[in-house]
Amino acid sequence: MDTTKKDMKELTGSFQTGNIKLNNRNDENKIIQLFIFIQELKTAGSQQLFKSISSTDIAYILQLHFEAFKDRSNTIQKKISELTEQLHTTNSQKVKNLEAALQDFFSYSPVR
């Protein structure tokens with residue numbers, strides 16, 4: 001198993017990836033939550049924004065493009081599950097406002 005992990009790290013290390021750096025490590029969970037919102041976002045007509053985007057996809061996006069998540073492949077997926085559950089059970093007005101704003105943003109069709 002360690003050999004596989006090492007091989008995968010060498011393989012992904014050869015990819016051209018991003019190096020997005022957060023100003024504050026305390027915002028890492030918020031970044032994950034933002035991707036969860038995008039994953040579950042419904043547009044006009046209650047249609048999902050993406051045909052397909054999984055928690056694994058989010059984990060890979062974070063791992064490949066955000067410095068804070070580069071060496072945390074084992075914990076990212078678990079954290080995504082925890083935060084997804086937390087978002088579904090929260091009654092926070094901030095969460096509701098963000099969800100409504102994202103839905104409104106993606107439902108809006110500007111005149112060109």
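F66 is buried in this predicted model, with a relative accessible area of 8%. The cut-off for buried is under 20% relative accessible area, so F66 falls well inside the buried class. What does the ring of F66 pair with? F66 and F69 form an aromatic pair. In general, a pair of aromatic rings is described by the distance of the centres and the angle of the planes. For F66 and F69, the centres are 6.2 Å apart. The planes stand at 80° to each other, and the pair is edge-to-face. Its partner F69 is buried too, at 1% relative accessibility.

How many aromatic pairs does a search of the whole structure find? The search finds three. Another of them joins F105 and F106. This pair is also edge-to-face, with 5.1 Å from centre to centre and 85° between the planes. Here the surroundings change. F105 has 59% relative accessibility, so F105 counts as exposed, the class for values over 50%. F106 has a relative accessible area of 35% and is partly exposed. That value lies between the two cut-offs of 20% and 50%, which means that F106 is neither buried nor exposed.

Now return to F66 and F69. Ring pairs link these two with F35 into a cluster. F35 is found in helix α2. Is F35 buried or exposed? F35 is buried, with a relative accessible area of 19%. Buried means under 20%, so F35 still qualifies. Look next at what F35 touches. Residues up to four places away in sequence are not counted here. The list then holds I58, I61, L62 and F66. I58 is 23 residues from F35 in sequence. In space, the C-alpha atoms of F35 and I58 are 6.7 Å apart.

Stay with helix α2, and go to E28. E28 lies in this helix. Its relative accessible area is 7%, so E28 is buried. Which residues is E28 in contact with, leaving aside its neighbours within four places in sequence? They are L22, A68, F69 and R72. One of these contacts, F69, is a member of the ring cluster described above.

Q33 is found in helix α2 as well. Its relative accessibility is 12%, so Q33 counts as buried. With residues up to four places away left out, Q33 touches L83, Q86 and L87.

Q33 also leads to a pocket. The second largest pocket has Q33 in its lining, together with K30, L34, F37, Q86, L87, T90, S92, K94, V95 and L98. Which elements give two or more residues to this lining? They are α2 (28–40), α4 (73–89) and α5 (93–107). Helix α2 gives the most, with four residues. The pocket has a volume of about 230 Å³. How is such a space found? Rolling a probe the size of a water molecule over the atoms shows where empty space is left. The lining is mixed in character. Five of its residues are nonpolar, four are polar and two are charged.

Helix α5 brings us back to F106, which has its place there. F106 is in contact with L41, T43 and L49, leaving aside its neighbours within four places in sequence. Now compare F106 with K42. These two are 64 residues apart along the chain. Their C-alpha atoms are separated by 8.1 Å.

Step back to the whole chain. What does its secondary structure come to? There are five helices and zero strands. From the N terminus on, the elements run α-α-α-α-α. Contacts across the chain can be sorted by sequence distance. Take those between residues at least 6 apart in sequence. Of these, 64% join residues at least 24 apart.

Burial can be counted over the chain too. The chain has 112 residues, and buried residues make up 22% of them. F66, the starting point of this tour, is buried. The accessible surface of the chain comes to about 8,500 Å². Carbon and sulfur atoms account for 51% of that surface.

Technical notes. Residues numbered from 1 in each chain as written. Predicted model: local features only at pLDDT ≥ 70, side-chain atom pairs only at ≥ 80, totals over all residues. Heavy atoms only, no water. 1 Å grid on protein atoms, 1.4 Å probe; cavity = no way out; pocket = protein on both sides within 12 Å on 5 of 7 lines; lining within 4 Å. Points joined across faces, edges and corners; volume = space filled by probe spheres on them. Nonpolar A, V, L, I, M, F, W, Y, C, P; charged D, E, K, R; others polar. Phe/Tyr/Trp six-rings, centres within 6.5 Å; stacked < 30°, edge-to-face > 60°. Buried < 20%, exposed > 50% of the residue type's maximum accessible area, 1.4 Å probe, protein only. Contact = heavy atoms within 4.5 Å. Areas by Shrake-Rupley, 256 points an atom, 1.4 Å probe, with all protein chains shown as cover.
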